[in-house]
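Biologist: Please take a close look at how the buried and exposed parts of this chain are arranged, and go through them slowly for a first-year student.

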Amino acid sequence: MGRIVVQTEVTNLFEENKSIRCGMLVDTGAGALILPMAWKERLGKFKRSEAVELQLANQEVLRGQACWPVEIRIDGFRPVSNEVIFVDMGSEAEGEYEPLLGYVILEQAQAAVDMLGHRLVPVKYIDMKSAHWRTAATGR
């Protein structure tokens, strides 16, 4: 997959004047929204926060800090509420980081990866598949 970077804004829902807007790397191998620990103070104080462990593709385990609630706005898609996970990130150059936008947030925002166009595209419906689900309208 090619690199897809999308402009995204993350806002602390209890301090709405605290937000971060940046380009985020779409990473369908990651579940969450990952930001560098160095940016945590820019979003102010959080209503909830807890230590979490994350596993990298090479099986290395990192500690991070999950903080919520935040609003996540990917340009061109509906805003969603979720958490942000802060981790100590190495940077290619001093102060430059590569925030990650994972698949859980993409699904919530109804965004899918267009592999040929190297971009995000809208998904018409939110997935809700169940063999036992019946709607009042169809009776099926």
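Modeller: Cys-22 counts as buried because its relative accessibility is 10% (buried means under 20% relative accessible area, exposed over 50%, and partly exposed in between, with a 1.4 Å probe and protein chains only). The model is predicted: local features need pLDDT of at least 70 and side-chain atom pairs pLDDT 80 or more, while totals for chains, interfaces and linings use all residues. Residues are numbered from 1 along each chain as its sequence is written, and side-chain values use heavy atoms, without hydrogens and water.

Cys-67 is also buried, because its relative accessibility is 0%. The structure nevertheless holds zero disulfides (pairs of cysteine sulfur atoms within 2.5 Å). Across the 140 residues of the chain, 34% count as buried.

The chain has one helix and nine strands (DSSP runs numbered from the N terminus: H or I over at least four residues for a helix, E over at least two for a strand). Starting at the N terminus, the order of elements is β-β-β-β-β-β-β-α-β-β. Of the contacts between residues at least 6 apart in sequence, 53% join residues at least 24 apart (a contact means heavy atoms within 4.5 Å).

Now take Asn-12, which sits in strand β1, residues 5-12. Asn-12 is buried because its relative accessibility is 0%. Its contacts beyond four places in sequence are Lys-18, Leu-43, Gly-44, Lys-45, Phe-46, Pro-69 and Val-70. With one of these, Leu-43, the Asn-12 side chain makes a polar contact, reaching the backbone oxygen at 2.8 Å (N or O atoms within 3.5 Å; within protein, one able to donate a hydrogen and the other to accept it, with sequence-adjacent residues counted only if both are side-chain atoms).

Pro-69, a contact of Asn-12, belongs to strand β5, residues 61-74. The peptide bond leading from Trp-68 to Pro-69 is cis, with omega near 0 degrees. Most peptide bonds are trans, and most residues other than glycine have a negative phi. Gln-59, not a glycine, has a positive phi of about 75 degrees. Gln-59 lies in the loop between β4 and β5, and counts as exposed because its relative accessible area is 52%. His-118 has a positive phi as well, near 50 degrees. The loop that holds His-118 runs between β8 and β9 (119-122). His-118 is partly exposed, because its relative accessible area is 41%.

The helix leads to two glutamines. Gln-108 is in helix α1, residues 103-108, and is partly exposed because its relative accessibility is 26%. Leaving out residues up to four places away in sequence, Gln-108 touches Arg-78, Val-80, Ser-81 and Asn-82. Its C-alpha atom is 9.7 Å from that of Phe-77, although 31 residues separate the two along the chain.

Gln-110 is in the loop between α1 and β8 (111-114). Gln-110 is buried because its relative accessible area is 17%. Beyond four places in sequence, Gln-110 touches Phe-77, Arg-78, Val-121, Pro-122, Val-123, Lys-124, Tyr-125 and Ile-126. The backbone oxygen of Lys-124 is reached by the Gln-110 side chain at 3.3 Å. Arg-78 is thus listed for Gln-108 and also for Gln-110.
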